[in-house]
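This report walks through one protein model for a reader who has not seen it before. Please keep the sequence and the structure in view while reading.

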Amino acid sequence: MKIGIIYTSYQMANYVDMSLNPWVSARSNRVDGHTYLIVAVSLPFEGFPLESSVDDTESFLRNRLYRGDIDHLICQKTPLKETEARGLALKWLVGQNVDVLWMCDGDERFTQSDISGAARFVDDNPWVQWFRLPYRNLVFDEKHFLAEPFTPPRIHRVYAPGGYKVCNFWDDNNVLYNRPWMVDSPVIQDIAFSSMPIPTSSANPLHYTWLNNERSRKNIEYQTKSRKWLCSYRWDEEANQLRFNEPYFAARGLPLPEVISLDSSP
C-alpha cells in the first residue's frame, strides 16, 4: 500500500520528536513493505484560543522537510477550520496517488508496533473502507489513562465502491467521496461505507490531549465556546486543574470514567 500520513501539529514543539519520529522511521524503513508519504500541517485552527507567542513547531517541521524526513509541509498564520486545514493535506496526498489516508496529531505517540499492526490490519481487510483507531487517552498526567479507549475514525481508503474517490473532509476525521469524472456527482460521507475498529491487539497508541496544562484549558474553551460542544472535561479555575465535568456524566446517567495506571496495564 501507499499510505499518506496527515500529521497535524501546531504549538506542540515539545511533542514533535515523540510523535513524528515513529512515522519518519516507518517511512525510511518501508515498514511491512508499504510506502509512507508524510504531510505535516502546522497552522492555527479557527476558533482555538491563540497563544501569546509562537513556539518552534514550524521551524522544527521545516528542518525535517529540509532533511528529507517528511514529504510536504503546509504552514500559514491565518486560521482555518480543521476540515480545511486537513483538506489541504488530503488533496496533496491524493495527487500523489496514495491508497490510504491516515490522520495523526502531534499529541499522539505511536510505536513501530502500532504502525505495523494497524497497517497490517488494514491490508488484511481490503473490503473495509475506513477504520477507527483505539487510543489510550492519557488523563491528568502522563501516568494514567482512561480504561475506555478513544476510538476516532483515522484511516480511510482513497477509493470507494461505485467509482467514488475521496475529495475532502466533512468533519475533523471524516471524509467525503465523489465520482470525479461525473458532472454534479453526488458527494457521499464515509459513514455510507463499511467500517471496522482496529483491535487494541494490533495498535494501541497513546494520546496526550487531556493533561493538567494550559493546552487542555484552551481545548475546553475551544470545544465549549467556539464549537458549542458539551465537553466531558472542565477546568477548575480555583485549583488551576483539569477535572472530569461531573454534570456531563450525570445528565447521561453515566459514572465518571475509570482511570488506569500505565504501570498496571498489560
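How many bridges join strand S4 to strand S9, and in which sense do the two strands run? Strand S4, residues 100–105, is joined to strand S9, residues 153–157, by 3 bridges, and the two run antiparallel. One residue pair can be named here: Val100 has Arg157 in S9 as its bridge partner. The model is a predicted one.

## The sheet of seven strands

Strands S4 and S9 belong to an open sheet of 7 strands with mixed pairing, in the order S3-S2-S1-S4-S9-S6-S14. The edges are formed by strand S3 (72–75) and strand S14 (195–197); each has a single partner strand, so one side of each is left without a neighbour in the sheet. On average, and with direction ignored, neighbouring strands of this sheet are turned by 20° against each other.

Two helices are found against these strands. Helix H2, residues 57–67, lies across strand S1 (2–8), strand S2 (35–42) and S3, and runs at about 160° to S3. Helix H4, residues 112–124, packs on the sheet and touches S1, S2, S4, strand S6 (130–132), S9 and S14. The direction of H4 makes about 150° with that of S4.

## The sheet of four strands

Another open sheet has 4 strands in the order S10-S11-S12-S13, with antiparallel pairing. Its edge strands are strand S10 (159–160) and strand S13 (188–189), each of which pairs on one side only.

Within this sheet, strand S11 (residues 164–171) and strand S12 (residues 174–178) pair in the antiparallel sense over 5 bridges. Asp171 stands opposite Asn174 in S12. Helix H3, residues 82–95, packs on the sheet and touches S11 and S12, with its direction at about 165° to that of S11.

## Strand S15 and its partners

Is strand S15 buried or exposed? In S15, 6 of the 6 residues are buried, so the strand is largely enclosed by the rest of the structure.

Strand S15 has bridges to strand S5 (residues 108–109), where 2 bridges join an antiparallel pair. In this pair, Arg109 stands opposite Leu206. Strand S15 also pairs with strand S7 (residues 136–140), here in the parallel sense and over 4 bridges. The bridge partner of Phe140 in S15 is Leu211.

## The largest pocket

The largest pocket has a volume of about 1300 Å³. Its lining is made up of 49 residues, and of these Phe150, Trp210, Asn219, Gln223 and Trp229 lie nearest its centre.

Which elements give two or more residues to the lining of this pocket? They are H3, S9, strand S15 (206–211), helix H5 (214–226) and H6. Helix H5 gives the largest share, 4 residues. Sorted by class, the lining has 26 nonpolar, 11 polar and 12 charged residues.

## Arg217 and Asn245

Arg217 lies in helix H5. With a relative accessible area of 23%, Arg217 is partly exposed. Leaving aside residues up to four places away in sequence, Arg217 touches Trp235 and Glu237. Arg217 and Cys231 are 14 residues apart along the chain, and their C-alpha atoms are separated by 11 Å.

Cys231 also appears among the contacts of Asn245, a residue in the loop between strand S17 (241–244) and helix H6 (246–251). Again leaving aside residues up to four places away in sequence, Asn245 touches Cys231, Ser232, Tyr233 and Arg234. Asn245 is buried, with a relative accessible area of 18%.

## Two residues with positive phi

Which sign does phi take at Arg30? Phi of Arg30 is positive, about 45°, although Arg30 is not a glycine. Arg30 is found in the loop between helix H1 (16–29) and S2. The relative accessible area of Arg30 is 42%, and Arg30 is partly exposed.

Phe140, the residue paired with Leu211 in S15, also has a positive phi, near 70°, and is likewise a residue other than glycine. Phe140 lies in strand S7. At 22% relative accessibility, Phe140 counts as partly exposed because buried means under 20% and exposed means over 50%.

How values were computed
Residues numbered from 1 in each chain as written. Predicted model: local features only at pLDDT ≥ 70, side-chain atom pairs only at ≥ 80, totals over all residues. Heavy atoms only, no water. Pairing = 2+ DSSP bridges. Axes fitted to C-alpha atoms, helices over the stretch in contact; angles between N-to-C directions. Contact = heavy atoms within 4.5 Å. Buried < 20%, exposed > 50% of the residue type's maximum accessible area, 1.4 Å probe, protein only. 1 Å grid on protein atoms, 1.4 Å probe; cavity = no way out; pocket = protein on both sides within 12 Å on 5 of 7 lines; lining within 4 Å. Points joined across faces, edges and corners; volume = space filled by probe spheres on them. Nonpolar A, V, L, I, M, F, W, Y, C, P; charged D, E, K, R; others polar.
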